[in-house]
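Subject: The two-chain model, and what its interfaces look like

Hi,

Here is the structure I promised to pass on to you. Please have a look at it first, and then read my notes on its contacts below.

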Amino acid sequence: MGTYLDDDLSEIFTEFTLRKTPLYFSIILSLIGGFLLSTNFSLILFNLGILIFSSILIIMQIYRFIENKKIIFKQLIFGLIILMFLYIPLILPNQLSIPIDNIDAGIGKGFLLSLFLVLIGLFGVYINLSNLDKQNKKAKQASAYLYLSFAILTVLFVLFLIIGFIVYNGAGAITWEFITQDIQNMGASGGVFPAIIGTLLLGLGTALISVPLGVGTAIFLKEYAGSQSKLVRVIRTSINVLNATPSIVHGLFGLALFVPLFGVSLLTGSLVLGFLTLPIIIRSTEEALESVPKDIRDASFAMGATRWQTIRNAVLPPALPGIVTGAVLGLGRAFGETAPIMFTAVIFSGGGIPTSVFDSVNALSYHLLELTRLIGYKDVTQKAWGTALLLLLIVLAMNFLGIRIRKKYRT
Amino acid sequence: MEFETNSKDKERKKLEEIDPVVEAKNISVWYGEEKALENIGLKVPKNNVTAIIGPSGCGKSTFLRCINRMNDLIEGAKVEGKIVYKDKNLYDPDIDVASLRRKIGMVFQKPNPFPKSVYENIAYGPKIGGMNDKEELDEIVEESLKDAALWDEVKNRLHSPAMDLSGGQQQRLCIARALAVEPDVLLMDEPASALDPIAMSKIEDLIYDLKQDYTVIIVTHNMQQAARVSDYTAFLFMGKLIEHSPTEKLFENPDKKKTEDYITGRFG
Amino acid sequence: MSEGRKSYSESLEEVKKDVLEMASLTEKGICSSVEALENYDEELVQHIYNVEDESNKLNLEVEKECMRLVALQQPVAKDLRFIATMMKISDNFERICDLAEKIGKIAQKKGKKDPLKPLVDTNRMIDIICEMLEIVKEAIEQEDTSDLRGLSDLDDKVDDLFSQIYNELIVFMVKDPKDVDEATDLVFVARYLERSADLVAKIASRLVYMVEGERVQIK
């Protein structure tokens, strides 16, 4: 946790003064919360926690009063409001559950309240540390560090929870047969080979559509059009709108426009996914072009190069890694999408390996969706986890590839 | 006895007598509403080094960029007046800017080699110009690097990245790159300001040699550098040309009070 | 400007003060020398030697300071002309002090004996030289060249006085060969004074260059 904390914590804990009591109370409060998290929730302990919190507030108020008489009234009102809010969790229903078909993704109220106590406690620690001594920069530093560490640890915890959960459940399903065999018995047996192929083909199609369009647009925006022109602003707004459009809307759009033309097919899916990833590719290409120093453009122009010669020979080569990275990351997104393709490109079973772009395909993400729907009717739970893991691995691999490319060319 | 004024400036021709290779006539530049240059008239003598000095923001780089029309690339920049080169106004509508820039090359403040090999950097200009003959390119690369006094240092690493060279070598590479398209005039925008003193003095030596074959216009905020390398010096202040004289004259006995205040460091 | 430049202008002032000090020393030395010739006084002669000594030191001081400024500040334009001029004229002042020392030596050799003839013209030379030195001092102090034009005439007068003294003393020598030794000394004194006036005129022409940037000759 760094050297800061060691020093500062030792200073905070070695000299005991009455003034530090709210801090100690806050620590006790978060410990109680942590204890409640790990065991069963108890209303008595929760009330004890609230009691401790109230005393912290009162003690802090007294010190504030001694230091500065003016602010006491405002602070008191503020404290009372906080106290009122503390009891809000108690009105929550006992079980917060979200039933998805037959999976019950619920969490108990006790869990929420305990987490709430931990957070209040940590907040108290933070407030107290920074209030303890206004001059003590070390204390502030320590509290900020504590807070930031908590934030990043939470993020990492959640991330590893998700990945770990999927790996734990899905690893058993991944076998050679699972990867190479056709889908049988509505996914309950056999493998997901057509879905893997379908996902990869969709990715390829997406790339073929979005990369030329996206890179071209970005070059036009960055290199040709003046940054202030109306056209550019219109285009940019459109791109932002495109980016903000929910993926299901892309899917419906594809259903309405392309399906009548090309049917439910690889081509339609690629088109929809291509438009979906277009903003990502445009943005990342623009960034890559932006990162090419103006000096290099100037140098090229000063050699008597035309604008296109400059772009082709001086700007694109150094921007290429960035563009490729963006494209790869965009494809990672395309692999994971379900909503845009569910009406436009995929069918659940029997799709097999497409023979032309007008054939429908299967895809891992859609396969996963269908399998979760089947849970309870058929024994597909493990296959579903396996599919999820496979999809995660493909997306992670794409991201990893993107990062590697960027790293390789950055230095 | 009587006062006798000895004649001086024997070797340096007076500016009125020279035959300019580039001449600016009433050049004014606006950036949007802001006037960056006002009625600059300047004659640039052939096979000489002309230095342009002045405080930051006085418009010296702007003026330099007028000469090869690099200002065209800046949004909102507007140029008025004439720059005459080979009896032609460079701002005439029928001028081909790309081929103009091949005749009036430019070197920038920060060394800006392309992220390619040393060889590819030099060959860039000729290739852009449509030259593809390998042998001819080899010859141009060698010739340019020799002219830029870099050949001995890089002849064994022509195909390694230009970015691996030191800052001073990179800048000489940029000069060689500019020479590869055989310009008449070389514009230099503070070419040594980002370099250490040794690299700087190498560049200065190079500038001295270059004037045998080229006309050099150098913008610098380093007055000692201007004094060391140039034959004529122009002093720009707040977008106006204050004084343009032979360098010794300007640094020994400037005509204008403002010039004197600036070069002696007693400004404002 | 920056701290460095502030101390730079202060250093320039310092050099100027030193050179003015030299001018005063020179005036003192050259006047005392003729005084010693007229009314011999051991102390006075010693004083002249001290002045010469002092002027050597000051000259070196000025040179050192100027070289330091050139090395560290790269002076240009007016500052450059100022520094170059100060180095040169301090040298010239020092040479006038040398001439004063030589006159002092002649006075010492002559001792308390009355001079061959009343030193009327020599004293007039000294008066003119002192006047010239005053003008030069004023010009250095004010950095103003307007009075320097008059020095040419004063120098001519000194030259005329020299030829007059020379002719007179030739007559003495022809009349009585016993006086040749002393007469020669007096010719030398006049010669030295004439040289001093030339040097002052040289200083004046340097000053014109310093202020106006034009190289002129005053003689």
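Let me start inside chain A, where domain 1 and domain 2 bury about 980 Å² between them, 74% of it on carbon and sulfur atoms. Buried area here is the accessible area (1.4 Å probe) that two parts lose on being put together, summed over both. On the domain 1 side, helix α7 (residues 137-170) of chain A gives the most to the surface that touches domain 2, with 6 residues. Helices (H or I, at least four residues) and strands (E, at least two) are DSSP runs, numbered from the N terminus.

Some background before going on. This is a predicted model, in which local features need pLDDT of at least 70 and side-chain atom pairs count only at pLDDT 80 or more, while totals for chains, interfaces and linings use all residues. Residues are numbered from 1 along each chain as its sequence is written, chains are lettered from A and ligands numbered from 1 in the order in which they are written, and side-chain values use heavy atoms, with hydrogens and water left out.

**Between the domains of chain A**

Domain 1 covers 16-173 and domain 2 covers 178-410; these bounds come from an automatic or database domain assignment. In contact (heavy atoms within 4.5 Å) are 12 residues of domain 1 and 11 residues of domain 2. The rule finds 0 salt bridges across this interface, a salt bridge being a side-chain nitrogen of Lys or Arg within 4 Å of a carboxyl oxygen of Asp or Glu.

**Between chain A and chain B**

Here 21 residues of chain A are in contact with 23 residues of chain B. The area buried between the two chains is about 1700 Å², with 62% of it from carbon and sulfur atoms. Asp295(A), Ala302(A) and Met303(A) together supply 35% of the area that chain A buries against chain B, more than any other three residues.

There are 2 salt bridges between the chains. Asp295(A) appears again here, as its side chain meets that of Lys110(B) in a salt bridge (3.7 Å, N to O).

Which elements of chain A give two or more residues to the side that touches chain B? They are α14 (294-302) and α15 (307-336). The largest share, 8 residues, comes from α14(A).

Happy to talk it through whenever suits you.

Best wishes
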